Amino acid sequence: MAKKLYIKTYGCQMNVYDSARMADVLAPLGYVSVDDAAVADLVILNTCHIREKAAEKVFSELGRLRRIKDRRRDRPMTLAVAGCVAQAEGAEIVRRVPYVDMVFGPQTYHRLPELVARAERARGTVLDTDFPAESKFDHLPEVAAANGGAAFLTVQEGCDKFCSFCVVPYTRGAEHSRPVAAVLAEARRLAETGAREITLLGQNVNAYHGEVRGGGEYGLGRLIAAVAEIDGVKRIRYTTSYPADMDTALISAHRDVPELMPFLHLPAQSGSDRVLRAMNRRHTAEDYRRLVDKLRAARADIALSSDFIVGFPGETAADFDATLALVADVGFAQAYTFKYSRRPGTPAAEMEGQVAEAEKEDRLAALRDLLDAQQRTFNTGAVGQTVSVLLERRGRHAGQLVGRSPYMQAVHVEAPESLFGAIAAVRVEAAHANSLAGVLVSAAAAVEGAVA
Ligand code: SAH
Ligand code: F3S
């Protein structure tokens, strides 16, 4: 009988990718994915450690799951914690929530079949938070078909930048790039199974330097050009980038590779050079502005997104104003904003001048207001335009499909089910805060491939 698997994913797109691959690894063991933990034989929480709140959520969810596990009479429930909280707090989880059966980090999910077998035999918690010498990518089954035409492909993992606020270098380990041939093979398979859009993922994706068979390396710009050659690939994106690693080849790819979508998530974090230095970011606000100019020179319509942290230790009102000034100068299509969250073990956690919570709240609200206004302006500008939309999701209402414009805007449209997974021409009729609504331009033009 099929066993039921429920995976709950927290955090970034790398975790979304990892969760899909965990399901792939477990499929040969007879596990079928379900969307309700209450009926599952194996429950995996794929966790995020980036901010305190994200980590706390895991413990409250574990409490809820424990009650289901304890009530279960007919068959056991195996409870697992994976991802970055597992990596960072493995021993703590075993101590604090001993009813968890398995704890394993992001680098070992290719060992899942063995871990599951051990957990079924063991009485205590099975813990695996190694950074193994072998790469998990060499031990995973081939990727499953892309659903809805949009697929993620991890090309790079880990980070060596050590921004002073960030846990990623500790939880995900050192920077590592997958070889070019492995990436292209996975991209080809995704395209063959229906992917029209591929998002190349990495914690620091533009640090990519994958080895080429026979010698040499490709940076991300050349990798993107090679992925664009694959039959069926119509759109390419990449995330997340580090400003100081945006090299000329990558900037040129935005001019030269039509499949590369005109949207870039490029975290700035702050507009104050003093704060950027304390954050150990290797760019100034001026570097960021100049980089944006270069990108716009390569691709005039490129839409930008960013991450910002407010209330970093020592951030003054003047520093915060510098962030507002950077945002005003650049003009973002969208952005994520965070209150600084103190992460034990990172240098910033020990810094003087921790900012009061109320002050963080005020700054967050002011920054959010500015960014929301920019996003509204950007979305309103799309009204009346015809954009190409990859219809990758079903909408809340019957007969509605949802996709993304080239600029990452969500677009809702009435469309026949036959267009699910296709790229369609949509005329935008209305702009909302976080999405657009439009109509199919014509059935003929909506046929996949008819629109660039
Ligand atoms: N390159 C990474 C980004 C790391 S985390 C990736 O996408 O995989 C995403 C964002 O979370 C960061 O850009 C930063 O803005 C925010 N962040 C990281 N650590 C934080 C902390 N301690 N407090 C608040 N925000 C944080
Ligand atoms: Fe984190 Fe900075 Fe790397 S935000 S992921 S240490 S680039």
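In this predicted model, three strands form an open sheet in the order β7-β10-β13, and their pairing is parallel. Strands of a sheet pair through backbone hydrogen bonds, either parallel or antiparallel. The edge strands are β7 (150–154) and β13 (235–239), each of which pairs on one side only. On average, and with direction ignored, neighbouring strands of this sheet are turned by 25° against each other.

The pairing of β7 with β10 (residues 197–201) runs over 5 bridges in the parallel sense. Thr154 stands opposite Leu201, a residue of β10.

Two helices lie across strands of this sheet. Helix α6 (residues 180–192) lies across β7 and β10, and runs at about 165° to β7. Helix α7 (residues 220–228) lies across β10 and β13, at about 155° to β13.

The model also holds ligand 1, which is surrounded by 13 residues. The closest of these are Gln203, Thr240, Gln269, Asp307 and Ser341. By class, the shell has 5 nonpolar, 4 polar and 4 charged residues. The table gives three polar contacts of the ligand.

| Ligand 1 atom | Protein partner | Distance |
|---|---|---|
| oxygen atom of ligand 1 | N or O atom in the side chain of Arg51 | 2.9 Å |
| nitrogen atom of ligand 1 | polar backbone atom of Phe165 | 3.0 Å |
| nitrogen atom of ligand 1 | polar backbone atom of Ser341 | 2.8 Å |

On its own, ligand 1 has 560 Å² of accessible area, and the protein covers 87% of this. The elements that give two or more residues to the shell around ligand 1 are β15 (303–310) and β16 (334–339).

Key: Residues are numbered from 1 along each chain as its sequence is written. Chains are lettered from A and ligands numbered from 1 in the order in which they are written. This is a predicted model: local features need pLDDT of at least 70, side-chain atom pairs count only at pLDDT 80 or more; totals for chains, interfaces and linings use all residues. Side-chain values use heavy atoms; hydrogens and water are left out. A residue is near a molecule or strand if one of its heavy atoms lies within 4 Å of it. A polar contact is a pair of N or O atoms within 3.5 Å; within protein, one must be able to donate a hydrogen and the other to accept it, and residues adjacent in sequence count only if both atoms are side-chain atoms. Accessible areas come from the Shrake-Rupley method with a 1.4 Å probe; for residues, only the protein chains shown count as cover. Helices (H or I, at least four residues) and strands (E, at least two) are DSSP runs, numbered from the N terminus. Ala, Val, Leu, Ile, Met, Phe, Trp, Tyr, Cys and Pro count as nonpolar, Asp, Glu, Lys and Arg as charged, and the others, Gly among them, as polar. Two strands pair if DSSP finds at least two bridges between them. Axes are lines fitted to C-alpha atoms, for helices over the stretch in contact, and angles run from 0 to 180 degrees between N-to-C directions. Contact means heavy atoms within 4.5 Å.
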